[in-house]
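Welcome, and thanks for taking a look at this one with us. Please have the sequence and the structure open side by side as you read.

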Amino acid sequence: PPPTTGLEDEFLKKLREAIGPRMGEPNLAADDISRTIGMSRSVLYAKLTALTGLSFNIYLRSLRLRRAQELLKNPDMNVSEVAYEVGFNDPRYFIRVFSEEFGVPPGEWRKGKPV
C-alpha cells in the first residue's frame, strides 16, 4: 500500500474501530459504518478506495479474515465457529476466501501457524 499521512491513518483507524465491535454481523454494510463515523457512504467509499484501492466490502472481508487468523490460534474454536464469529454465514465460503487470501485453508493454516 502507498504511504499514508496522519489524517489518512486516522481515517483508517476510525474505520477499523467502527467495524471492530460489529465485525460478527453478517449483514454489516457501508451504510451502517458511514453513519457510525459520520460521513456519507459515497465519501466513505471514495476515501477508502483512494487510500487502499479496495471497495468497502473487500476491505471488510480482509479485516474479517485477519481477525479469523487470530481466532484460529484458539484450539477451542472450530473453523465453522471462527467463520460465524467474524461474520461469515457460510463456512464453506469462508474456507474458500480464506484460502484465496492466505494460500492455505484455515485448518491447514492453524496447523502451521506461527507460535
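Here is a short tour of the helices, the nonpolar cores and one helix pair. Please keep in mind that this is a predicted model.

**Nonpolar cores**

- The largest nonpolar core is made up of 17 residues, and those with the most contacts inside it are F11, L15, I19 and F56.
- Two or more residues of this core come from each of helix 1 (6–19), helix 2, helix 3 (41–52) and helix 4.
- Helix 1 is the biggest contributor to this core, giving five residues.
- Another core, of 14 residues, lies apart from this one, and its members include A68, L71, V82 and W109.
- If you centre your view on F11, you will find that F11 touches I37, M39, L44, K47, L48 and L51, with residues up to four places away in sequence not counted.

**Helix 2 and what follows**

- Helix 2 spans residues 30–37, and its buried residues are A30, D32, I33, S34 and I37.
- S34 is a nice residue to pause on: S34 sits in helix 2 and has a relative accessible area of 5%, so S34 is buried.
- Setting aside neighbours within four places in sequence, the contacts of S34 are M39, S40, R41 and L44.
- After helix 2 comes G38, which has a positive phi, near 75 degrees.

**Helix 4**

- Helix 4 runs over residues 56–71, 16 residues in total.
- From its first C-alpha to its last, helix 4 reaches 22 Å, close to the 22 Å expected at 1.5 Å a residue.
- Buried residues in helix 4 are F56, Y59, L60, S62, L63, R64, L65, A68, Q69 and L71.

**How helix 4 meets helix 6**

- Two packed helices can be described by two values, the angle between their axes and the distance between the axes.
- What are those values for helix 4 and helix 6 (residues 91–102)? Their axes come within 11 Å and cross at roughly 90 degrees.
- Helix 4 is therefore roughly perpendicular to helix 6.
- On the helix 4 side, the residues in this contact are R61, S62, L65, R66, A68 and Q69; on the helix 6 side, they are Y93, F94, V97, F98, E101 and F102.
- By residue type, the contact of helix 4 with helix 6 has seven nonpolar, two polar and three charged residues.
- Among the helix 4 residues that meet helix 6 is A68, and A68 is also one of the members of the core of 14 residues.

Technical notes: Residues numbered from 1 in each chain as written. Predicted model: local features only at pLDDT ≥ 70, side-chain atom pairs only at ≥ 80, totals over all residues. Heavy atoms only, no water. Buried < 20%, exposed > 50% of the residue type's maximum accessible area, 1.4 Å probe, protein only. Expected span 1.5 Å × (residues − 1). Core = buried A, V, L, I, M, F, W, Y, C linked by side-chain atoms within 4.5 Å. Contact = heavy atoms within 4.5 Å. Axes fitted to C-alpha atoms, helices over the stretch in contact; angles between N-to-C directions. Parallel < 35°, antiparallel > 145°, perpendicular 65-115°, else oblique. Nonpolar A, V, L, I, M, F, W, Y, C, P; charged D, E, K, R; others polar.
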